[in-house]
Amino acid sequence: MKRTFTTIACLGALFLSACTSDSSLPDPSGKGRIRAINAMPGSPEVVFKIEERTLGILPYKQWSTPTRFDDFEYNFNFDVKVPDEIGQDRVATLVTKIDADRDYVFVVTGTDVYDPTITIWETDVRAWTEGETVFEASFSHLSDTLGDVDVYFADPATPPLTGEQVATLSYGDVMDPMDFEQGAYVITITEAGNVNNVYFTSGENSFNATTSHTMALLDGNANDTTPYLVMTISDIGLSLRITDPSYVPTIRFVHAAKTLQAVDVYDDETLTSQVATGVTFGVATPDLPTATEDKVYYFTPAGSTATTLFSQPASSPPDSQHSSMYLIGDTDAWSGVYVTLDRSSASTFARLRIFHGAFENSVVNFYVLPRGEPRTEDSIPRMPRVGFGLLTASQELAAGSYDLYVTDISEELNQLAGPYELDVANGDVVFLQIVDTDDPTMIEFQDVSIP
């Protein structure tokens, strides 16, 4: 197996390929398969391109879909978005010759977004024949917090035994593909040479015959309850997040309903299984463990089970991930909005999301202006027409000081809240909500960020 390791510095100019005009190209002899993974913790989304064609927009831990291209030489470009700007910064370019029937994985690692390390894993594309009962798998080590590891991959009835590992890997390594009989398997990852120091054990996962799978051990981030996970992608582009089931998902409750008293939360109709106590207006609970199944939550007055104020179903939470439920509404018409939030930070900007919980104002505009800049009739809302009970899209803000405003969409001069002063640094993740006040013509911001 051929592996190429290249570090590319930030490039200020675009490289033009010699293969940009179809009329000047020779006939290809075949196609190679191309994909990429962003394994750079704390990075913004990395835009993976062949020449100037986007192949994938990759948050940390994500794969791009395998794509086949003619066997020519190309510029492979890696860009990142710049906050508050339309364009992107080019952080790396790699000139690579693609050969027919070869598989290329571009791996983005490093600690500096503007000076990433790009590694290529290269293998043959597997040609399957009818009747084969095996699948192909390859493991890689992309956790920069772990030393050498042993990888065990066996049926659920076979415990990991010293010497039975399928690979021993250092950071950045990838093993040669191996064949395994189709069926259910468990992945166990331990300290190299020490089967008793287990870092990760998956649940059972089934693999079909005549498929190829590339698996990467990665560090979890703020979205995960597990410190490590495995991200796998098949040869046809099916991506799977494999987690350790001993790390359960969580939920937190965020109280955004002005007319709702403090509540206790239960996850059973008989009100015997209490989840949270005394959740008050404007307050968010800590992350609370929950089960990986559909739930109905019941809300009662704090300290009393004499009545149920309302109940709210919640769909099955993602394995080993965090979720939230915002409590909203008006008297006797309360409900919960169940969401999974992106909590991940980026080293090059701050993230902001705002939840609209102000019942008295159904649709509003949000403005984010530099500190001290007045809002005028020429100001453009950054998050326009946000409806009650909805979250804004994630906003990427350059480090600095801002003033936030909310207006009525029907009358832009009708200011409902602001200026709310917000100071952010690179890496910050801020969650705000707007809620009703005693004055029905005014609303307020509340900070419900995750500690």
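Me: Which residues lie nearest the centre of the largest pocket, and how many residues line it?

Reply: Pro59, Asn221, Asn223, Asp342 and Ser344 lie nearest the centre, and the lining has 23 residues. Keep in mind that this is a predicted model. The space in this pocket comes to about 340 Å³.

Me: What classes of residue does the lining of the largest pocket have?

Reply: A mix: nine polar, seven nonpolar and seven charged residues. Take two of the names above: Asp counts as charged and Pro as nonpolar.

Me: And what about the second largest pocket, which residues are the closest to its centre?

Reply: Those are Ser206, Phe207, His213, Ser234 and Leu238, out of 13 that line the second largest pocket. Its volume is about 200 Å³. Strand 16 (205-207), strand 18 (228-234) and strand 19 (239-242) each bring at least two residues to this lining.

Me: How many residues of that second pocket lining are charged?

Reply: None: the lining splits into five nonpolar and eight polar residues, with no charged ones. To land in the charged class, a residue would have to be Asp, Glu, Lys or Arg.

Me: What makes a space a cavity instead of a pocket?

Reply: A pocket is open, whereas in a cavity the probe fits but cannot get out. By that rule, counting those of 30 Å³ or more, there are four cavities here. The largest cavity has about 160 Å³ of space. Among the 17 residues lining the largest cavity, Arg35, Asp103, Thr123, Pro177 and Thr214 are the closest to its centre.

Me: Which strand gives the most to the lining of the largest cavity?

Reply: Strand 9, with four residues. The elements giving two or more are strand 2 (31-38), strand 8 (102-109), strand 9 (117-124), strand 10 (134-141) and strand 17 (212-219). By class, the lining of the largest cavity has six nonpolar, five polar and six charged residues.

Me: How many residues lining the second largest cavity are charged, and what makes them count that way?

Reply: Go through the lining: Thr250, Ile251, Thr290, Ala291, Glu293, Lys295, Tyr297, Ala314, Ser315, Pro317, Ser323 and Tyr338. Glu and Lys belong to the charged class, so Glu293 and Lys295 are the ones to pick out. That fits the split of six nonpolar, four polar and two charged. The space in this second largest cavity is about 50 Å³. Strand 20 (250-255) and strand 24 (295-301) each supply at least two residues of its lining.

Me: Why do strand 20 and strand 23 count as a pair?

Reply: Pairing takes at least two bridges, and these strands have two, so they qualify. They run antiparallel. Ile251, which we just met in the cavity lining, has Leu288 of strand 23 as its bridge partner.

Me: What is the order of the strands in their sheet?

Reply: The order is 23-20-26-27, in an open sheet of four strands with mixed pairing. Strand 23 and strand 27 are the edge strands, since each pairs on one side only.

Me: Why do strand 34 and strand 35 count as a pair?

Reply: You need at least two bridges, and strand 34 (429-436) and strand 35 (443-447) have five, so they pair, running antiparallel. One of the links is between Gln433 and Gln446 of strand 35. A hairpin of six residues joins the two strands.

Me: Is Thr285 buried or exposed, and why?

Reply: The cut-off for buried is under 20% relative accessible area, and Thr285 has 11%, so Thr285 is buried. It sits in the loop between strand 22 (274-279) and strand 23 (288-289). Leaving out residues up to four places away in sequence, Thr285 touches Arg252, Phe253, Ala276 and Val279.

Me: Is Ser320 buried or exposed, and what about Asp332?

Reply: Ser320 has 1%, under the 20% limit, so it is buried. Asp332 has 68%, and exposed means over 50%, so Asp332 is exposed. Ser320 has a positive phi of about 55° without being a glycine, and Asp332, also not a glycine, has a positive phi near 60°. Ser320 belongs to the loop between strand 25 (310-314) and strand 26 (322-330), while Asp332 is in the loop between strand 26 and strand 27 (333-339).

Me: What kind of peptide bond joins Gly418 and Pro419?

Reply: A cis one, with omega at about 0°. Pro419 is part of strand 33 (411-424).

Terms used: Residues are numbered from 1 along each chain as its sequence is written. This is a predicted model: local features need pLDDT of at least 70, side-chain atom pairs count only at pLDDT 80 or more; totals for chains, interfaces and linings use all residues. Side-chain values use heavy atoms; hydrogens and water are left out. Buried means under 20% relative accessible area, exposed over 50%, partly exposed in between (1.4 Å probe, protein chains only). Contact means heavy atoms within 4.5 Å. On a 1 Å grid over the protein atoms alone, a cavity is a set of points where a 1.4 Å probe fits but cannot get out, and a pocket is an open set with protein on both sides within 12 Å along at least five of seven lines; lining residues have an atom within 4 Å of a point. Grid points are joined across faces, edges and corners, and a volume is the space filled by probe spheres set on the points.
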